[in-house]
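Okay, hi everyone. Let me put the chain up on the screen, and then I'll walk you through it.

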Amino acid sequence: AVSPDNTYVVSDTFNRRIRIVTPEGYATTLAGNGINRAIDGVGTNASFRSPMGLCVSPSGEIFVADTWAHTIRRITPNRVTTTLAGIPNHGSFSDGLGCHNDPINDLLEYTRDVTS
């Protein structure tokens with residue numbers, strides 16, 4: 001995906017990291033440390049199980065499908081990774097509430113950010 005500052009955001013799935021690639025080709029790790037866990041944190045203090053699909057909102061927030069953790073993760077422009085939906089490592093294939101106290105309003109707010 002392309003971020004608002006024209007850098008590329010890439011899921012480095014097998015290394016369990018989210019990477020940024022500049023238009024000049026310089027790559028850096030935005031989030032993740034390679035540990036096979038789903039832990040929220042800042043920058044490389046966060047970890048992913050299997051980050052795959054992602055998208056970037058106009059405000060620069062990144063939404064990641066952490067597939068094997070059965071979660072949707074959010075990375076802020078300040079590099080803070082949080083779990084938006086799902087319970088890490090306790091996946092199910094049924095519909096239900098996310099992990100927040102007010103998941104419906106949280107999801108609606110994030111959806112507005114992504115589509116506006």
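I'll go from the whole chain down to one sheet.

Quick housekeeping: this is a predicted model, where local features need pLDDT of at least 70, side-chain atom pairs count only at pLDDT 80 or more, and totals for chains, interfaces and linings use all residues. Residues are numbered from 1 along each chain as its sequence is written, and side-chain values use heavy atoms, with hydrogens and water left out.

So what's in the protein chain? We've got 8 strands and 1 helix; helices are DSSP runs of H or I, at least four residues, strands are runs of E, at least two, and both are numbered from the N terminus. Reading from the N terminus, the order is β-β-β-β-β-β-β-β-α.

How much of it is buried? Out of 116 residues, 33% are, with buried meaning under 20% relative accessible area, using a 1.4 Å probe and protein chains only. About 6700 Å² of the protein chain is exposed, and 55% of that comes from carbon and sulfur atoms; those areas are Shrake-Rupley ones with a 1.4 Å probe.

Now the sheet. Here 3 strands line up as 1-2-3 in an open, antiparallel sheet, and strands pair if DSSP finds at least two bridges between them. On the edges sit strand 1 (8-12) and strand 3 (27-31), each pairing on one side only.

Let's zoom in on one pairing. Strand 1 and strand 2 (residues 17-21) run antiparallel, joined by 5 bridges. And which residue in strand 2 does Val-10 stand opposite? That's Arg-19.

Definitions and conventions:
Buried < 20%, exposed > 50% of the residue type's maximum accessible area, 1.4 Å probe, protein only.
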